[in-house]
Amino acid sequence: MNNRPIGIFDSGVGGTSVWREINKMMPLENTIYLADSINAPYGEKSQNEILQLSIKNTELLIAKKCKLIVVACNTATTNAIAYLRQHYDIQFIGIEPAIKPAALYSKSRKVGVLATKGTLASSLFHSTSENHAAGIEIFEQEGKGLVTLIEQGDARANFTKQILLKYLKPMLEQGIDYLVLGCTHYPYLIPVLEEILPKHVVIIDSGKAVAKQTKAILNRYNLINTKNASKNHQFFTNSNVEILKSFLVPEQQQSQIKYLSF
C-alpha cells in the first residue's frame, strides 16, 4: 500500500508546480500526474462541467491504484472536492488560494487575489475570505486568458506581461502588499510578475502548504513510502506531450511522459 503512487490532477500543466513541491518534500514517493489540458481552462466552465471532469480524473487515478489524490487545481477544489470526498473512499488534498497567510502578514491590510472566474465565484472561496480575512480589503481579479497562454508555452511572452500589467494596475493603485496566486498555473508567471510588481509586494501561492498537508495526511494514515527504491513518476497529458515536458526540469523529463486519451 505504501508503495502505491500519489495521484495528482489539474486542468493542464499548472499542477506541476504543486508536483514539484510534493516531490521536494517527499522524494521517496511515487507519483502519477494527469494534465487534462484538452479541457483547460476549467475556470471558465460551469460548476457541473468542472464536477464531471473532476470525477473523470479521479476515477482514472483510482483505477491506477493511487493511495491519495491531490486536486492540484483551485477551480476543481472549490467546485468539486466536497462531492469527491463524499463519494469516493480515498483521501483528497485540495487547494485554496492562500488568503489566510496573506491576511495574517499584510501590513497595508490590502491583499490582491489573481484567480480564475470559477474560483472567484465559488462559495468555498468566499467562505475562506470571510473566515480568514476579517478587517482585510480583498481585491479580486479574474486572470482571464492566462491559463491558455501558459498552456501554450507563452508564460514569459511580452503580450502576457501586458495583460498582467492591465490586471494588476488597479490592485497596485489600491496599495496591496500581498498578491495571492489563486491558480496552480500562475506560479509560472512569477518571473514576469517580479518584473512588474514593486519590491515590497509579496507573491504567495499554495504549493508548499499543499505538500505539507499531503505529507501530514500520509503520516496520519500510515501511507508514507519508506522504501528507498527507484522512484516511479508518470506524467500523462491528453494534449501536447512536448508542452508538458517543457514544464519539467531535465531530471523529471527522464520520467514516463505520455499521451493518454482521457
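The following legends describe close-up views of one sheet and of selected salt bridges in a predicted model.

**View 1. An open, parallel sheet built from 4 strands.**
The 4 strands are arranged in the order 6-5-7-8, with parallel pairing, and together they form an open sheet. Strand 6, spanning 137–142, and strand 8, spanning 202–204, occupy the edges, and because each has a single partner strand, one side of each is left without a neighbour in the sheet. Averaged over this sheet, and with direction ignored, neighbouring strands are turned by 20° against each other.

**View 2. The pairing of strand 7 with strand 8.**
Strand 7, which comprises residues 178–182, runs parallel to strand 8, and the two are joined by 3 bridges. Within this pairing, L179 has as its bridge partner I203, a residue of strand 8. Strand 8 is also one of the two strands that stand at the edges of the sheet, so one of its sides has no neighbour there.

**View 3. The salt bridge between K24 and E21 in helix 1.**
Among the 5 salt bridges found in a search of the whole structure is the one that K24 forms with E21, in which the closest N and O atoms are 3.9 Å apart. Both residues belong to helix 1, which covers residues 16–25, and because they are 3 residues apart, about one helical turn separates them. The two partners are classed by accessibility as follows: K24 counts as exposed, at 56% relative accessibility, whereas E21 counts as buried, at 17%.

**View 4. The salt bridge between K161 and E195, linking helix 8 to helix 9.**
K161 and E195 form a salt bridge whose closest N and O atoms lie 3.1 Å apart. This pair links distant parts of the chain, since K161 is in helix 8, residues 158–174, and E195 is in helix 9, residues 190–196, with their positions 34 residues apart in the numbering. K161 is partly exposed, its relative accessible area being 25%, while E195, at 56% relative accessibility, counts as exposed.

**View 5. The salt bridge between K245 and E242 in helix 11.**
In this view K245 forms a salt bridge with E242, and the closest N and O atoms of the pair are 3.9 Å apart. Helix 11, made up of residues 241–246, contains both K245 and E242, which are 3 residues apart, or about one turn of the helix. With a relative accessible area of 28%, K245 is partly exposed.

Notes: Residues numbered from 1 in each chain as written. Predicted model: local features only at pLDDT ≥ 70, side-chain atom pairs only at ≥ 80, totals over all residues. Heavy atoms only, no water. Pairing = 2+ DSSP bridges. Axes fitted to C-alpha atoms, helices over the stretch in contact; angles between N-to-C directions. Salt bridge = Lys/Arg side-chain N within 4 Å of Asp/Glu carboxyl O. Buried < 20%, exposed > 50% of the residue type's maximum accessible area, 1.4 Å probe, protein only.
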